[in-house]
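Let's take a walk through a protein model together. Have the sequence and the 3D view open as you read.

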Amino acid sequence: MASFNPSGYEKYSGSAAEATKFGQDAATTGIPVSSSNAYYSDTSQTTNTRPQTKTRVPWSSGLCGCFSDWRNCCITCWCPCVTFGQIAEIVDKGSSSCGVNGALYTLIACMTGCACCYSCFYRAKMRQQYMLKKHPCGDCLVHCFCEYCALCQEYRELKSRGYDLSIGWHGNMEKQSREVAMTSIPPTVEGGMSR
């Protein structure tokens with residue numbers, strides 16, 4: 001095997017049979033030679049270790065179900081930047097605010113007229129987070145041809161998952177932590193003693 005060499009160079013001193021097995025002289029190369037091949041594995045002896053892919057789930061409502069939430073439908077129709085900002089804040093998990101995302105959406109819409117190019121990326125991000133199916137077609141096509149319907153659908157999806165988009169990400173986290181705290185408090189009996 002390897003031996004200590006004061007010059008810092010270690011030479012492989014394996015068996016001659018091992019060295020000739022691989023067609024090289026271990027004494028001349030100084031490179032350790034292994035009898036196993038790290039780059040090849042016999043798949044007939046191994047088990048299937050492929051990670052299981054999660055199945056994609058359908059959206060909770062259809063793309064054209066805008067009128068199921070009249071309030072959001074009207075806000076999205078007249079001021080889509082508000083709905084987009086609310087969606088983006090939840091999808092970004094609070095790392096960006098509703099106001100910043102809404103303002104950027106408005107700026108892109110005013111400068112280019114193609115705010116759908118920005119909002120389609122959030123649809124893709126949301127689909128990835130919640131394992132949603134790509135339906136009825138690709139994210140950019142949905143936003144390009146049905147921008148307002150797509151925003152309403154995303155809003156309804158987050159709402160169906162328990163988010164209150166009007167209070168933002170941090171408000172939802174506070175609300176969730178209060179609910180968890182309330183369920184962990186033991187019930188009390190008359191007189192103030194716990195069971």
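Here's a way into the fold: among contacts in the protein with a separation of 6 or more, 56% are between residues 24 or more positions apart. Keep in mind that this is a predicted model.

## The overall picture

What does the secondary structure come to? The count is nine helices and zero strands. Going along the sequence, the pattern reads α-α-α-α-α-α-α-α-α. The protein has 195 residues, and 31% of them count as buried. As for the outside, about 13100 Å² is exposed, with carbon and sulfur atoms supplying 61% of that area.

There's also a record to look at. An unreviewed UniProt entry annotates residues 103–124 as "transmembrane region". In the model, that span is 86% helix and 0% strand, and its end C-alpha atoms lie 20 Å apart.

## The core

Now look inside. The largest nonpolar core has 20 residues. Within this core, the residues with the most contacts are Phe84, Ile87, Tyr105, Met126, Leu158, Tyr163 and Leu165. Three elements give two or more residues to the core: helix H4 (80–91), helix H6 (116–130) and helix H8 (147–160). Which of them gives the largest share? That's H4, with six residues.

Pick Leu165 from that list and see who is around. Setting aside residues up to four places away in sequence, Leu165 touches Gln86, Ile87, Ile90, Tyr155, Leu158 and Lys159.

## Aromatic company

A search of the whole structure turns up six aromatic pairs. One of them joins Phe84 and Tyr122: the ring centres are 5.3 Å apart and the planes sit at 85°, so this pair is edge-to-face. Phe84 is in helix H4 while Tyr122 is in helix H6, so the pair ties together parts that are 38 residues apart in sequence. Are these two residues buried or exposed? Both Phe84 and Tyr122 are buried. They also belong to one aromatic cluster, together with Tyr105 and Tyr118.

## Two buried residues to find

Asn101 is a good one to click on. You'll find it in helix H5 (residues 98–112). Asn101 has a relative accessible area of 3%, so this residue counts as buried. Apart from residues up to four places away in sequence, Asn101 touches Phe84, Gly85, Ala88, Glu89, Asp92, Ser96, Tyr118 and Tyr122. So what does the backbone say about one of those partners? Asn101 and Ala88 are 13 residues apart along the chain, and their C-alpha atoms are separated by 6.6 Å.

Next, try Glu157, which sits in helix H8. Glu157 is buried as well, at 2% relative accessibility. Leaving out residues up to four places away in sequence, Glu157 touches Trp59, Ser60, Ser61, Met126 and Leu132.

## Cysteines without bridges

How many disulfides does a search of the whole structure find? Zero. Take Cys66: this residue is in no disulfide, and the nearest cysteine sulfur, that of Cys149, is 3.6 Å away. Why is there no bond between Cys79 and Cys81? The sulfur of Cys79 is 3.2 Å from its closest cysteine sulfur, in Cys81, and that's too far for a bond, because a disulfide needs the two sulfur atoms within 2.5 Å.

Cys81 has its place in helix H4. Beyond its neighbours within four places in sequence, Cys81 is in contact with Gly102, Tyr105 and Thr106. Cys81 and Ala103 are 22 residues apart in sequence, yet 7.0 Å apart in space, C-alpha to C-alpha.

How covered are these cysteines? Here are three of them side by side:

| Residue | Relative accessible area | Class |
|---|---|---|
| Cys66 | 7% | buried |
| Cys81 | 18% | buried |
| Cys79 | 30% | partly exposed |

The cut-off helps in reading the table: Cys81, at 18%, counts as buried because buried means under 20% relative accessible area. Cys79, at 30%, counts as partly exposed.

Terms used. Residues are numbered from 1 along each chain as its sequence is written. This is a predicted model: local features need pLDDT of at least 70, side-chain atom pairs count only at pLDDT 80 or more; totals for chains, interfaces and linings use all residues. Side-chain values use heavy atoms; hydrogens and water are left out. UniProt positions are given in the numbering used here, feature names are shortened, and annotations may be inferred rather than shown by experiment. Helices (H or I, at least four residues) and strands (E, at least two) are DSSP runs, numbered from the N terminus. A nonpolar core is a set of buried Ala, Val, Leu, Ile, Met, Phe, Trp, Tyr and Cys residues joined through side-chain atoms within 4.5 Å. Buried means under 20% relative accessible area, exposed over 50%, partly exposed in between (1.4 Å probe, protein chains only). Contact means heavy atoms within 4.5 Å. Accessible areas come from the Shrake-Rupley method with a 1.4 Å probe; for residues, only the protein chains shown count as cover. Rings of Phe, Tyr and Trp (its six-membered ring) pair if their centres lie within 6.5 Å; planes under 30 degrees apart count as stacked, over 60 as edge-to-face and the rest as tilted.
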